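Please look over the chain shown here. The report works from the whole fold down to single residues.

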Amino acid sequence: MTDMDKQITEGSKYKGDASELCPHPWAAVGSLLIGFFMLMIDISIVSVANPSIQRGLGASLTETIWVTSAYLLGLAAPLLISGRLGDRFGQRNMFFIGMAVFTAASLACGLAPSAGVLIAARAVQGVGGSFMSPQSQATIVKIFPPHRRGAAMGLWGSVSGVAMLVGPMLGGFLVQGVGWQSIFLINVPVGVVGLILVARFVPKFPTNRPRLDWTGVLLSGAGIFFVVFGLQEGSDIGWGPIWGPVTIIDILIAGVALLAAFVFWQTRARNPLVPLGLFRTRDFSLANSAIFLVGMAVTSMSLPLMYFIQVGRGLDPLLSAIFMIPSAVVGAVLAPFVGRSFVAKFGANRVACFGLAAFAAGLIAYTTLFTPTSNIWLLLIPGVVLGLGNGCMWSPIAMSATHQLPLSQAGVGAGVYNTVRQIGSALGSALMTVLMNTLLTAHNVNPAILQQNVQGAPLASDVAASFSRAMAGALWLPAGVALAGAVIAAFLSGRAGRRAAPDTNSEGTTEPASSNHAPFQ
């Protein structure tokens with residue numbers, strides 16, 4: 001084993017760029033981002049297709065939202081262990097397996113004959129994505145030293161934001177032109193190309209042999225599932241009995257108890273799934289709190305927006321996708337400058353705080369235009385504000401979470417960060433189900449109307465106003481969550497992405513001050 005191998009395996013202070021093992025670092029990053037973009041876009045691409053899926057499969061609102069939630073749960077539940085599996089069996093190997101599973105499940109989704117089959121295939125698709133997500137971030141951490149990691153992590157973070165906004169736009173074109181099945185089938189050729197590129201450019205780094213905390217996996221996975229299941233099903237069938245004397249409330253209580261048991265177990269386990277010492281570092285804790293709220297806000301906002309445009313105003317999927325173009329374009333243009341320049345100049349805390357505040361402002365602006373008679377094209381203006389916020393919030397939060405991460409904890413740290421984001425997304429989807437059903441009922445609108453609308457024809461005037469008010473009210477959930485995230489982001493240190501003066505370590509060599517490993521030991 002070479003000195004560099006030992007340094008990478010042991011997480012010591014390697015100062016190079018891993019050129020011995022990765023002669024084409026940016027090609028490797030690009031190969032990883034193809035898969036990462038694909039799994040991220042599948043979170044949001046379904047939002048524009050929800051009305052079409054609901055009509056085509058004769059599904060209820062809750063079943064339709066389960067198409068998204070099953071994917072999010074499949075992503076979230078295994079993420080903690082998948083990060084450790086990457087450390088043990090190699091990030092490239094786990095990424096390759098995950099992309100293969102994701103691609104095969106995408107084919108199953110596109111061929112699904114019923115809502116139940118589609119939900120099951122989406123869950124498997126999410127599991128494949130969970131194997132990919134932490135490996136991409138951990139590999140970037142290993143390829144680049146801390147003082148050169150900003151651009152790559154900025155690009156990684158921006159892909160999350162761009163994918164979340166491009167998804168509905170691309171989905172609208174595909175659903176209108178081909179059918180809702182195409183939003184899944186398009187992953188098949190992209191996945192095949194991605195597999196070839198990963199095998200060609202992504203290196204095999206030396207691995208370590210961490211013990212796996214299967215008790216923690218079971219406790220966390222079951223707890224997350226029970227909470228999300230309880231929230232979504234409770235909004236549809238009520239909070240009373242579901243299986244004999246077992247009620248939805250009992251399921252929610254069991255989920256919270258399992259998550260509490262998971263946290264307690266992590267303090268006792270010899271090899272914890274989540275080393276709680278990671279959270280002693282201020283930026284890691286704050287960044288995880290912020291990305292949890294980002295996941296909630298971004299996932300939940302697309303549901304009322306798309307239902308207002310397609311059901312309330314009668315626009316088809318192709319036209320509704322147009323309203324995502326301003327936010328997608330602004331976010332895509334802005335994102336590269338955020339990771340490369342803005343964070344270094346203004347600080348990750350200020351950029352992330354501004355981004356989340358702008359995101360909330362765009363959502364609040366939408367609510368003022370959710371009426372049956374407003375000029376529908378004015379919705380393009382808040383879309384620009386939304387893109388401005390989206391382009392500024394992902395990269396600085398991701399960089400803040402990882403800028404002190406030692407190489408030995410790259411996998412587990414990335415796994416924790418991605419798990420927190422996906423849990424936020426799953427809870428955002430579940431809470432939006434509860435809120436939409438509650439608001440529709442409060443405004444005397446039968447939720448079944450979501451299955452009965454005809455494309456190209458807006459709702460009748462006697463229900464259009466009430467429906468619009470319900471969808472506008474639902475947007476206050478992601479807006480409030482984004483504002484809470486802005487407050488948290490303001491307390492980040494702001495040091496991520498900035499080149500610090502070199503310090504002299506105990507061995508007499510120099511390294512950037514930003515690569516402080518101590519808090520993670």
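What follows covers the overall make-up, the nonpolar cores, two helix pairs and a few residues.

**Overall make-up**

This is a predicted model. The protein chain holds 20 helices and four strands. Of its 521 residues, 61% count as buried. Long-range contacts are frequent: among contacts between residues at least 6 apart in sequence, 84% join residues at least 24 apart.

**Nonpolar cores**

In soluble globular proteins, nonpolar side chains tend to be buried together. Here the largest nonpolar core has 141 residues. Leu118, Phe359, Phe370, Leu379, Ile397 and Met471 have the most contacts inside it. Helix H12, residues 282-312, supplies the largest share of this core, with 18 residues. Another core lies apart from it and has seven residues, including Leu334, Val343, Ala348 and Met399.

Which residues does Phe370 touch, not counting those up to four places away in sequence? Pro304, Leu305 and Phe308 are among them. So are Leu379, Ser468, Met471, Ala472 and Leu475.

**Two helix pairs**

The table sets out the geometry of two pairs of helices.

| Helix pair | Axis distance | Angle |
|---|---|---|
| H4 (residues 79-89) and H5 (residues 91-110) | within 6 Å | roughly 130 degrees |
| H19 (residues 461-474) and H20 | 4 Å | about 15 degrees |

H4 and H5 cross at roughly 130 degrees. That angle lies between the 65 to 115 degrees of roughly perpendicular pairs and the 145 above which pairs count as roughly antiparallel. H4 and H5 are therefore oblique to each other. In their contact, Leu85, Gly86, Asp87 and Phe89 of H4 meet Gln91, Asn93 and Met94 of H5. By class, this contact has three nonpolar, three polar and one charged residues.

H19 and H20 pack at about 15 degrees. Angles under 35 degrees count as roughly parallel, and H19 and H20 are therefore roughly parallel to each other. Ala472, Gly473 and Ala474 in H19 meet Trp476, Leu477 and Pro478 in H20. The contact of H19 with H20 has five nonpolar, one polar and no charged residues. Ala472 of H19 also touches Phe370.

**Ser130**

Ser130 sits in helix H6, residues 115-143. Is Ser130 buried or exposed? Its relative accessible area is 0%, so Ser130 is buried. Beyond residues up to four places away in sequence, Ser130 touches Gly74, Leu75, Pro78, Leu79 and Ser82. Gly98 is 32 residues from Ser130 in sequence, and their C-alpha atoms are 7.2 Å apart.

**Ala490**

Ala490 lies in the loop between helix H20 (476-489) and strand E3 (502-504). At 41% relative accessibility, Ala490 counts as partly exposed, because that class runs between 20% and 50%. Which residues does Ala490 contact, leaving aside its neighbours within four places in sequence? They are Asn349 and Cys353. Asn349 is 141 residues away from Ala490 in sequence, yet 5.1 Å away in space, C-alpha to C-alpha.

**Cysteines**

A disulfide is a covalent bond between the sulfur atoms of two cysteines. How many disulfides does a search of the whole structure find? The search finds zero. Cys109 is buried, with a relative accessible area of 0%. Cys353, a contact of Ala490, has 23% relative accessibility and counts as partly exposed. The cut-off for buried is under 20%, so Cys353 falls outside that class.

Note on methods
Residues are numbered from 1 along each chain as its sequence is written. This is a predicted model: local features need pLDDT of at least 70, side-chain atom pairs count only at pLDDT 80 or more; totals for chains, interfaces and linings use all residues. Side-chain values use heavy atoms; hydrogens and water are left out. Helices (H or I, at least four residues) and strands (E, at least two) are DSSP runs, numbered from the N terminus. Buried means under 20% relative accessible area, exposed over 50%, partly exposed in between (1.4 Å probe, protein chains only). Contact means heavy atoms within 4.5 Å. A nonpolar core is a set of buried Ala, Val, Leu, Ile, Met, Phe, Trp, Tyr and Cys residues joined through side-chain atoms within 4.5 Å. Axes are lines fitted to C-alpha atoms, for helices over the stretch in contact, and angles run from 0 to 180 degrees between N-to-C directions. Ala, Val, Leu, Ile, Met, Phe, Trp, Tyr, Cys and Pro count as nonpolar, Asp, Glu, Lys and Arg as charged, and the others, Gly among them, as polar. A disulfide is a pair of cysteine sulfur atoms within 2.5 Å.
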